[in-house]
There are 2 protein chains.
Amino acid sequence: MSAAIDRPVADACEVTLVDADRVEAARGKLPTALEIDRLADWFRLLGDPTRARILYALLEAGELCVCDISATIDVVESTVSHSLRWLRAANVVTARRSGRMMFYSLDDSHVRLLLDLGREHLAHRQGPE
Amino acid sequence: MSAAIDRPVADACEVTLVDADRVEAARGKLPTALEIDRLADWFRLLGDPTRARILYALLEAGELCVCDISATIDVVESTVSHSLRWLRAANVVTARRSGRMMFYSLDDSHVRLLLDLGREHLAHRQGPE
DNA sequence: GGAACATCTGTATCCATGTACAGCTGTCGG
DNA sequence: CCGACAGCTGTACATGGATACAGATGTTCC
């Protein structure tokens, strides 16, 4: 850990670490690869318009069957179902069966927080870009 | 708006809105398509391991040149540069030129918040799945 | 048990994009 | 000016994944 760090020998700048101490310190504090991957997966889950729409629909309506989700966000049911699969796998939504219908609702308090934070973020920079 | 909603006529469930009122109410409260797209873009930006790594590196180190970012997260400089392009375009990072080096740092308080929230979220469900 | 219906899944297609290699731009020192 | 070096970008390639269509599964009602 004190040696040359052994990285993939980039195009240039092979030894010339500008601030080796800071680099070492930061390297030590970085999340593990697993953590990073999980985090990225988690954010990518929210990074699809259809899934985001579903989440907002559930956020507003509380609980909806697939059919009503489809109607709410104007996306064909098959697509909704595929999207719900991801959300289910990530435990972001819960499904409750009632007869032949499945009622979905949010199953993660962080989701609301993140969505709100995201919206607030966008609102703050609506002017520029 | 009171009529049949005129959606893409899905596979099934064409008229049978289970809870038409709730659907209508939710539809009215949904963010606009533009908002949703922006939001999804924003989350997708954090949904790539390399970009997430870069952000964490900057979060920990404060400010780093491309070379040091590369060393910190163990990714070749070209890839880092490409990733930084997205982050720059989204105003997530700022670049400061100093001689031939570019020093990057976070330019968005929400990023820290989101990353922390994401990590906290993962920590809370580390056990399962 | 069989028809009708809500939902899920298998599969194919298409597009976005992450990555790497190579070459370009811009800056510094002489 | 010119060489050296930090960083950027063009391009090609491969892969992930979003969507749609068709068919499977599971549930209700008769």
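In this predicted model, H5(A) provides six residues, the largest share of the surface near DNA strand C; a residue is near a strand if one of its heavy atoms lies within 4 Å of it. Helices (H or I, at least four residues) and strands (E, at least two) are DSSP runs numbered from the N terminus. Local features need pLDDT of at least 70 and side-chain atom pairs count only at pLDDT 80 or more, whereas totals for chains, interfaces and linings use all residues. Side-chain values use heavy atoms, without hydrogens and water, residues are numbered from 1 along each chain as its sequence is written, and chains are lettered from A and ligands numbered from 1 in the order in which they are written.

Around DNA strand C there are 28 residues, and A:Cys67, A:Ser81, A:Tyr104, B:Ser78 and B:Thr79 come nearest. Of the atoms of DNA strand C within 4 Å of the protein, 71% belong to sugar and phosphate. Polar contacts (pairs of N or O atoms within 3.5 Å; within protein, one must be able to donate a hydrogen and the other to accept it, and residues adjacent in sequence count only if both atoms are side-chain atoms) reach both backbone and base. The side chain of A:Tyr104 has an N or O atom 2.3 Å from a phosphate oxygen of this strand, and for B:Thr50 the corresponding distance to a phosphate oxygen is 3.1 Å. B:His82, in turn, places a side-chain N or O atom 3.1 Å from a base nitrogen.

What about DNA strand D: which residues are the closest? They are A:Arg51, A:Ser78, A:Thr79, B:Ser81 and B:Tyr104, out of 26 that surround the strand. Here sugar and phosphate make up 73% of the strand's atoms within 4 Å of the protein. A polar side-chain atom of A:Arg51 sits 2.7 Å from a phosphate oxygen, while one of A:Ser78 sits 2.7 Å from a base nitrogen. H5(B) contributes five residues, the largest share of the surface near DNA strand D.

The two protein chains also meet through helices. H2(A), residues 33–46, packs with H3(B) at about 115 degrees, with the axes 9 Å apart; axes are lines fitted to C-alpha atoms, for helices over the stretch in contact, and angles run from 0 to 180 degrees between N-to-C directions. The pair is therefore roughly perpendicular, a label for angles of 65 to 115 degrees. Contact (heavy atoms within 4.5 Å) involves A:Ala33, A:Ile36, A:Asp37, A:Leu39 and A:Ala40 on H2(A), and B:Pro49, B:Ala52, B:Arg53 and B:Tyr56 on H3(B).

Terms used:
Parallel < 35°, antiparallel > 145°, perpendicular 65-115°, else oblique.
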